[in-house]
Amino acid sequence: MSQSRAFITEGWKVQETNEGCLNELSFAVKDVFAIKGHTASAGNPDWLATHDPATNYATAIKRLLKRGATLVGTTVTDELMFSLNGENVHYGTPENPNAVGRIPGGSSSGSAAAVAAGVVDFAIGTDTAGSIRIPASYCGVYGFRPTHGAVSTEGVIPLAARFDTVGWMARSASVLKKVGEALFEKDQTQARFKTIYVPEDALALVSEEVAARFERELQAVSGSLNIEYMKLSEDGLATFMNTFRGLQGYQIWQTHKDWIIDVQPTFAPDIAARFNWTSTIPAEGQEKAVRQKKVLRKQVEMLLGKHGLLAFPTSPNVAPLLNTGPEKLENHRTNTFKLTAISGLSEMPQATMPLLEVEGLPVGFSLLAGRNMDAQLLSYINELETAGVAK
C-alpha cells in the first residue's frame with residue numbers, strides 16, 4: 001500500500017506514448033478495470049481468486065494511454081463496488097488526506113484518496129450510485145460522472161449496467177477537462193448555459209452549515225447566469241431514490257447471483273446485508289419502475305434542456321467518522337442517495353467541485369447538465385477555475 005493506503009498495486013509505469021493531451025500526467029485506476037496481465041480484485045479476495053488476468057485493457061484505459069497518460073497502479077474499492085463508504089475489511093480503508101479520521105467515501109475510495117494525496121494527477125473509477133461524486137466530495141477533489149454511455153464501460157466489472165458509468169477525479173478543473181477530452185467517444189453538444197436551477201428539495205436534505213455555505217458560493221458560481229429556485233419533487237426526492245434503488249438492486253442481483261451462490265464469498269457484514277436485500281427484490285414491479293424512471297428523466301430533461309444547470313451540494317454533510325455505526329449513518333445515507341439519484345435516473349452528467357467547507361472539512365458543490373452536455377459542463381467549471389471561483 002502507498003502512504004495513503006490507496007493502492008492495491010503500485011509502482012507501475014505503463015505508458016504507450018509520450019505525446020498527446022495527457023502527456024506527463026500520471027493516473028491510477030480503480031481495481032475493477034481490465035488491465036493486461038492483471039487480475040482485478042473488485043475489492044474482494046474471493047473475486048480475485050476466481051477470476052483470471054485480463055488479456056487486454058479496458059477501452060477507457062486504452063484511450064488514456066494513447067493520449068500520453070502513464071498508469072501507475074490500481075486502487076482500493078469497496079467490495080464489488082457496493083457501498084458509498086470506502087471502508088474495506090480485506091484491503092484496508094484508504095486514508096482521507098483532507099479529512100483525517102473520516103471515511104474517504106466509496107466505492108472509488110482509493111482513486112479519491114490517491115488524487116487528494118497528490119500521488120497521481122488524476123484517477124479513474126466508476127459511478128453507479130455516487131461512487132465518484134461522494135468520495136470526491138469527502139476528499140475535497142474534483143469529480144465527474146458523465147452522461148450514461150458517453151464513455152465506454154467495456155472491460156469494466158459491472159455492478160448494475162443500467163446505471164454504471166466510468167468517471168474520474170482530479171485536483172484541478174483543467175485536468176478534469178483534459179481527461180474528458182480523451183475519454184469521450186463522440187462529439188458533444190455545444191451550447192451556452194443560461195440558467196442555474198436550485199432544487200429546494202435537495203437543499204432541505206443537507207445540514208444547515210452546508211446549505212449556508214452553498215448559498216454563499218452560488219452567486220460566484222452562477223456568474224451572469226440567472227438563478228431560479230424550484231422543486232424537483234413534492235416528496236423530498238423519495239421517488240427518485242426509491243425508483244433508483246429498486247432498479248439498481250434488482251439488476252445487481254441478476255448480475256452477480258450466480259457467482260455469489262456458487263462461490264459463497266466472504267463479505268463484510270454490511271456488504272453481505274446489501275446483497276441479501278437485492279436477492280429479495282421481485283421481478284414484479286420492474287416494468288413500472290422503468291416507466292417511472294422515464295417520467296423522472298423527462299421531467300429533468302424538460303427543465304434543463306441544453307441551456308440549464310442544476311446546482312446543489314454533492315453530499316448532505318462532511319465525511320462521517322471512521323467506524324461510525326450503521327444506525328448513525330442511516331439518515332445520512334438516505335439523504336445521500338436522494339441527491340445522487342438525480343443524475344443516475346436522468347442519465348445526465350454531474351461535476352462536483354471542492355468549493356464548500358464546514359469546520360475545515362470539504363463538501364462538494366455540484367453542477368448537473370443536460371444529457372450529452374458533458375464537454376460544455378467541463379468547460380464551464382474550467383472557466384470558473386480560471387476566473388478564480390473554483391480553486
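Select Ala351 and Leu367: Ala351 stands opposite Leu367 in β11. The model on screen is predicted.

Now widen the selection to strand β10, residues 350-358, together with β11; these two strands pair in the antiparallel sense over seven bridges. Move to the turn of this hairpin, where two residues lie between the strands and Glu359 takes a positive phi near 50°.

Next, select β11 by itself, residues 361-369. Nine of its nine residues are buried. Show the side chains: Leu361, Val363, Phe365, Leu367 and Ala369 point one way from the strand, while Pro362, Gly364, Ser366 and Leu368 point the other way.

Add strand β9, residues 308-313, which pairs with β11 in the antiparallel sense over five bridges. In β9 pick Phe312, which stands opposite Ser366 in β11.

Zoom out to the whole sheet. It is open, has 11 strands with mixed pairing, and follows the order β1-β3-β2-β4-β6-β5-β10-β11-β9-β7-β8. Colour β1 (7-15) and β8 (226-230) as the edge strands, each of which pairs on one side only. From one strand to the next, the twist averages 25°.

For a parallel pair, select β2 (residues 26-30) and β4 (residues 122-127), which are joined over three bridges. Here Val29 stands opposite Ile124 in β4.

Finish with two helices. Helix α10, residues 286-304, packs on the sheet and touches β7 (195-199), β8, β9 and β11. The direction of α10 makes about 115° with that of β9. Helix α5, residues 173-183, lies across β4, β5 (142-145) and β6 (165-170), and runs at about 150° to β6.

Terms used:
Residues are numbered from 1 along each chain as its sequence is written. This is a predicted model: local features need pLDDT of at least 70, side-chain atom pairs count only at pLDDT 80 or more; totals for chains, interfaces and linings use all residues. Side-chain values use heavy atoms; hydrogens and water are left out. Buried means under 20% relative accessible area, exposed over 50%, partly exposed in between (1.4 Å probe, protein chains only). Helices (H or I, at least four residues) and strands (E, at least two) are DSSP runs, numbered from the N terminus. Two strands pair if DSSP finds at least two bridges between them. Axes are lines fitted to C-alpha atoms, for helices over the stretch in contact, and angles run from 0 to 180 degrees between N-to-C directions. Contact means heavy atoms within 4.5 Å.
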